Amino acid sequence: MTSPTTLTRDFAAVFPDEVVTHAHVRDVDLPYGAGTMALITLDNGLDHTRPNSFGPKGLAELDAAIESALAREDVAAIGITGKPFILAAGADISGMPRITRREQAKEIARYGHEVFGKLDDGRKPSFGFINGLAIGGGLEVALNCTYRTVIATAPAVAFSECFLGILPGWGGTWLLPNLVGAERAVKVIIENALNNNRMLRGPQVQPLGIADATFEGADFLERSLDWAGQVLTGRAKVERAPVDRGEAWDAAVARGRAFVDAKLHGAAPAAIRALDIIAAAKTCSKEEGFALEDDALADLLMSEELRSGLYAFDLVQRRAKKPVGVPDKSLARPVTKVGIVGAGLMASQLALLFARRLLVPVVLTDIDDERVEKGLSYVRGEVDKLAAKGRVSGDQANRMKALVTGSTDKHVYADCDFVLEAVFEEMKVKQQVFAELEGIVSPECVLATNTSSLSVTTMASKLAHPERVVGFHFFNPVAILPLLEVVRGQRTDDASLATAFATAKGLKKNAILVKDAPAFVVNRILTRFMGEVTRCVDEGTPVEVADQAVLPLGLPMTPFVLLQLVGPAVGLHVAETLHEAFPDRFYVSPNLQRLVAANKPGLWSWDAQGKPFLDDDTRALLEQGDRPSTAEQVRERAMAAVADEVRRLLDDGVVADAPDVDLAMILGAGWPFHLGGITPYLDRSGIAERVTGRRFLPVGVASLPA
């Protein structure tokens with residue numbers, strides 16, 4: 001085993017920017033005559049915005065602290081806790097992209113096991129006090145302890161590793177199933193991670209068996225220390241449910257494999273490797289389980305999927321919070337009242353979002369009282385659902401309902417600071433709406449459009465003050481998808497743009513700045529992608545083959561399921577808009593036109609098991625040629641079209657550079673983390689160079705170093 005000194009020296013170049021999490025030790029006299037606890041507090045010296053993490057130097061310091069405590073005869077137990085609100089966020093991922101050899105990867109895996117494993121090697125009892133956020137290695141350091149408590153206000157307890165492209169490799173994949181059983185371990189390690197990195201909150205941790213006791217906030221540590229004294233003296237007995245090592249274990253692993261296959265279709269290896277270890281944990285020893293984790297982590301740290309996952313994670317955590325090209329926030333004007341033009345489903349979703357996040361009055365209008373009331377009823381119903389789920393209190397629910405009002409008279413917008421139109425996607429209709437609004441609202445009021453494809457510049461062209469118009473394109477469903485495309489028209493001024501970005505931040509959306517170009521970014525790429533798939537169907541490829549062709553990419557849904565979600569009429573409208581702008585590249589499918597003319601909700605019908613099928617009526621509408629493509633050919637053609645379109649929109653300056661394309665597709669279209677968005681996949685697969693003659697990203701960014 002490499003010594004700590006040698007390890008930290010060898011990894012100095014890999015982790016040059018490690019923010020060291022120090023292991024501060026103090027003696028605590030436990031109550032009830034339980035003796036002295038060596039309480040280790042993890043603290044990187046920074047505030048709650050920079051969580052503790054484990055790099056080589058931090059691990060070495062923790063190692064020394066544990067060894068010192070173990071060597072003292074006067075120490076009865078060891079405790080681990082963190083700085084205020086945070087235990088630890090896991091391994092320091094900053095150096096992972098710089099790991100170039102499997103031996104390096106395996107050594108860091110082994111060393112983490114060695115350090116954490118000392119907490120439960122039988123020499124002294126240990127207590128993990130989960131005083132806040134505990135993710136990945138932060139949860140593993142607690143799992144390696146003999147006993148655990150959790151604070152009720154913990155905002156996030158999770159294993160996020162499979163979401164990024166690795167697995168819990170410092171004990172978690174073996175320890176958790178042996179503590180709580182395979183079924184719960186699969187939920188936490190696999191299902192939660194792949195369901196957009198879902199986290200557990202404090203009250204959920206003990207019922208799952210991960211913690212032995214839960215205590216409230218202000219005196220959490222004091223109560224945890226008191227409880228530790230009771231445990232050590234026998235006053236409190238820790239009882240844990242027996243783990244079912246029979247058929248239930250195998251069934252849980254099988255269910256996990258089916259879940260991963262349905263979610264990723266073999267596109268990323270991490271979750272399957274984790275399930276292999278969970279399966280083995282049924283019978284193998286801790287040493288054998290940790291060795292399996294070492295090998296798996298070493299392999300995964302050298303994978304392209306991890307590089308892409310880390311790149312995507314950095315985009316979402318850093319770039320999304322500091323969008324490129326945005327005017328100074330000091331230019332933003334306050335928004336104290338919001339108007340929504342329209343009361344349909346999209347407008348009603350937007351009204352709810354503005355009221356909930358900004359807590360300002362929101363007024364929506366439509367052409368008659370019936371439509372207005374329908375929109376208001378939707379808002380009230382959704383607020384009631386939030387209250388029923390405990391997402392808002394009764395007082396908060398009542399306040400939100402009171403904030404949203406409706407009218408048929410647009411003069412209610414006179415004192416609004418921000419008015420967003422969400423009417424039919426037709427240029428003349430939107431121009432008319434803005435012309436009416438301009439004569440009503442104040443000179444400082446921002447006029448925003450939720451258009452998905454139309455020119456913001458053209459929309460504002462007939463106004464006396466086009467500088468106040470900005471694109472504000474949400475993605476459906478509004479409450480779930482975090483992306484906002486903020487579109488700057490040719491005459492949009494900095495103050496209006498800054499106000500739009502400040503409003504987006506208040507709505508808790510991730511906004512990117514895009515140029516006023518047809519369909520902007522996400523819809524432009526998806527429409528080119530869909531156009532190639534539908535062209536393949538029109539040429540003679542069976543619908544089932546074309547729709548399933550992209551499954552190996554691990555996309556969140558197939559093309560025609562996406563079409564069903566968006567609606568064929570919307571898809572056709574965007575395709576026709578882009579075809580008008582770029583007739584040589586954007587295909588308008590006659591079969592899609594027939595679906596819309598027949599008022600079909602999409603290609604698929606659904607059977608009793610929820611599986612899609614092509615019913616006879618829909619099949620009869622389709623007219624196909626005699627030149628079918630294979631699934632591989634469909635996939636290659638679709639992704640080649642995407643590569644061409646991404647290069648064109650970058651050359652046109654629609655966004656600043658390739659990472660903005662990836663960020664937009666991750667947040668707006670659910671493009672998988674393990675692909676890193678679009679451009680890393682196009683680079684890695686060779687499609688980018690084959691189609692466009694060059695890569696989108698430098699070698700080593702979202703890929704293994706050259």
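Which residue stands opposite Gly471 in E15? Thr449 does. Let me go from that pair out to the rest of the model.

First, the ground rules. This is a predicted model, where local features need pLDDT of at least 70, side-chain atom pairs count only at pLDDT 80 or more, and totals for chains, interfaces and linings use all residues. Residues are numbered from 1 along each chain as its sequence is written, and side-chain values use heavy atoms, with hydrogens and water left out.

Some naming. Helices (H or I, at least four residues) and strands (E, at least two) are DSSP runs, numbered from the N terminus. Two strands pair if DSSP finds at least two bridges between them.

Now the sheet. It is open, has eight strands, and its pairing is mixed. The order is E12-E11-E10-E13-E14-E15-E16-E17. Strand E12 (404–407) and strand E17 (510–515) stand at the edges. Each has a single partner strand, so one side of each is left without a neighbour in the sheet. On average, neighbouring strands are turned by 25° against each other, direction ignored.

Back to E15. Strand E14 (residues 446–449) runs parallel to E15, with three bridges joining them. On to E16: E15 pairs with E16 in the antiparallel sense over five bridges. There, Val470 has Arg488 in E16 as its bridge partner.

Is E15 mostly covered or mostly open? Covered: six of its six residues are buried. Buried means under 20% relative accessible area, exposed over 50%, partly exposed in between, with a 1.4 Å probe and protein chains only. Look at both faces of E15. Val469, Gly471 and His473 are buried on one side, and Val470, Phe472 and Phe474 are buried on the other.

Next, E10. Strand E10 (residues 338–341) and strand E13 (residues 418–421) run parallel, joined by four bridges. Gly339 has Val419 as its bridge partner in E13. Helix H14 (residues 345–358) packs on this sheet. H14 touches E10, strand E11 (362–365), E12, E13 and strand E15 (469–474). Its direction makes about 170° with that of E10. Contact here means heavy atoms within 4.5 Å. Axes are lines fitted to C-alpha atoms, for helices over the stretch in contact, and angles run from 0 to 180 degrees between N-to-C directions.

Helix H27 (residues 658–669) lies across strand E16 (483–488) and E17. H27 runs at about 130° to E17.

One loop residue to flag: Val335, between helix H13 (304–317) and E10. Val335 counts as buried because its relative accessibility is 18%. Leaving aside neighbours within four places in sequence, Val335 is in contact with Leu358, Val360, Asp417, Phe418, Thr499 and Thr503. Val335 and Val446 are 111 residues apart along the chain, and their C-alpha atoms are separated by 9.4 Å.

A second loop residue: Asp212, between helix H8 (202–205) and strand E9 (213–215). Asp212 counts as buried, at 13% relative accessibility. Not counting residues up to four places away in sequence, Asp212 touches Tyr147, Arg148, Gln206, Trp227, Val238 and Arg240.

Now a helix pair. The axes of helix H15 (residues 369–388) and helix H16 (residues 394–403) come within 10 Å and cross at roughly 165°. That makes H15 roughly antiparallel to H16. The cut-offs: under 35 degrees is roughly parallel, over 145 roughly antiparallel, 65 to 115 roughly perpendicular, and the rest oblique. Arg380, Val383, Asp384, Leu386 and Ala387 in H15 meet Ala397, Met400 and Lys401 in H16.

Last, the cores. A nonpolar core is a set of buried Ala, Val, Leu, Ile, Met, Phe, Trp, Tyr and Cys residues joined through side-chain atoms within 4.5 Å. The largest has 188 residues. Leu62, Ile190, Ile210, Phe560 and Leu682 touch the most other members. A second, separate core has 44 residues, including Ile340, Ala351, Val379 and Leu507. In soluble globular proteins, nonpolar side chains tend to be buried together.
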